[in-house]
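Colleague: Before I rely on the terms used for this model, I should like to hear the reasoning behind them.

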Amino acid sequence: MKDQIQNILRKGKNENASESDREKMLALFHQPEKEFLLKEELLEELENTFENEKGSNEMQKVFYRIWSNIKKNEPKQKSGLTWFYTTLKIAAALVIGLFLGIYVTSVNSKTKPEYYSAHAPKGSVSQTVLPDGTIIFLNADSHLKFSMEGKKGMREVFLEGEAWFDVAKNKKKPFIVHTDTYDVEVTGTRFNIKTYDDENEVTTTLEEGSISVQSTENFKIGENIILKPGEQLVLNRDSKTATVKEVNTKWFTSWKDNKLIFINMELKDLVVLLERKYGVDIEVKREEIMKLHFDGTIKDESIIEILEILKKTLPIDYIIEGQKIEITNKKKLN
């Protein structure tokens, strides 16, 4: 039995102990039939600790302080075993604390933040609600990884693509979004971040509250950029320059309500957006029409209805070849 207890204790306090081993060790303290052997083992462990630890003098002070309190509250006993049993109680108190300390420290030092993922494939918009009540909408072809206990205990998100956030307020636990260029830190607010790899611009649009845009290894900022409601930060990946401007935030966040608003958008950018929204492949056959501009709104229209609108608005035509849509310039009538 003693060998069994020693084995459980040894495994449980090991730095690389599994959760199962730690649970078995802690379960020993709830088994009355093993109490004496366990305390004996704890006393031996305590004595070894006194001999080996640099802080043994301080531990001895704690030992005698606990002993004094126990003696003061206990009725006097004539048995010569009084000191021994009292010592066992102290040993149990101290070493249980020692093991629990080892357990907590080991868990804290070894446990890495748990990250969870969310994804919105092309042709869809998805909604995610985090455990703290934060609401996130993911636009088409976007990926999200998040943890409620990330770096330095912060709420932490990694974003690829586009997302709209309604962050639950918690001043003691900031919320940080990592992009491939800069980080965005908030405590509770509404904002939109667009950071697709195949687009030259990264945009952050603030609807409500306040956000702080911060440097990363990929993008250095002299000072953090603080955005106010109605402001948008636009970063050019090529030039590494960032500009802040006032915008109508609805133009940049309406996608979460399945509504797209285009203001003077070039056809080349519109094509990319339509490919994501409808999950289709679009090829523009003539380079000169790529710079055509379009203003409009999409709500519940199908891709065919959108193409028909574009055909009536711009000098273009289209054909559908299998799974691909080809856009070309409109043929002139003789």
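The exchange below concerns aromatic pairs, burial, charges over rings and the largest pocket of this predicted model.

Colleague: Why is the aromatic pair of Y182 and F219 called tilted?

Modeller: The planes of Y182 and F219 meet at 55°, which is neither under 30 degrees (stacked) nor over 60 (edge-to-face), so the pair counts as tilted. The centres are 6.3 Å apart, and the cut-off for a pair is 6.5 Å. Y182 lies in the loop between β6 and β7, and F219 in the loop between β10 and β11, 37 residues apart.

Colleague: What makes Y182 and F219 count as buried?

Modeller: Buried means under 20% relative accessible area. Y182 has 0% and F219 has 5%, so both are buried.

Colleague: How do you know that F262 and F294 form an aromatic pair?

Modeller: Their centres lie 5.9 Å apart, and the limit is 6.5 Å, so the two rings pair. The angle of 50° makes this pair tilted as well. F262 belongs to strand β14 and F294 to strand β16. With 1% relative accessibility for F262 and 7% for F294, both count as buried.

Colleague: What places K256 over the face of W164?

Modeller: K256 is 4.4 Å from the ring centre, and the distance limit is 6 Å. K277 likewise lies over the face of Y278, at 5.4 Å.

Colleague: Which element gives the largest share of the lining of the largest pocket?

Modeller: Strand β14 does, with 7 residues. The pocket has a volume of about 1100 Å³, and M265 is one of the residues closest to its centre.

Terms used. Residues numbered from 1 in each chain as written. Predicted model: local features only at pLDDT ≥ 70, side-chain atom pairs only at ≥ 80, totals over all residues. Heavy atoms only, no water. 1 Å grid on protein atoms, 1.4 Å probe; cavity = no way out; pocket = protein on both sides within 12 Å on 5 of 7 lines; lining within 4 Å. Points joined across faces, edges and corners; volume = space filled by probe spheres on them. Helix = DSSP H or I, 4+ residues; strand = E, 2+ residues; numbered from the N terminus. Phe/Tyr/Trp six-rings, centres within 6.5 Å; stacked < 30°, edge-to-face > 60°. Buried < 20%, exposed > 50% of the residue type's maximum accessible area, 1.4 Å probe, protein only. Lys NZ or Arg CZ within 6 Å of the ring centre and 35° of its normal.
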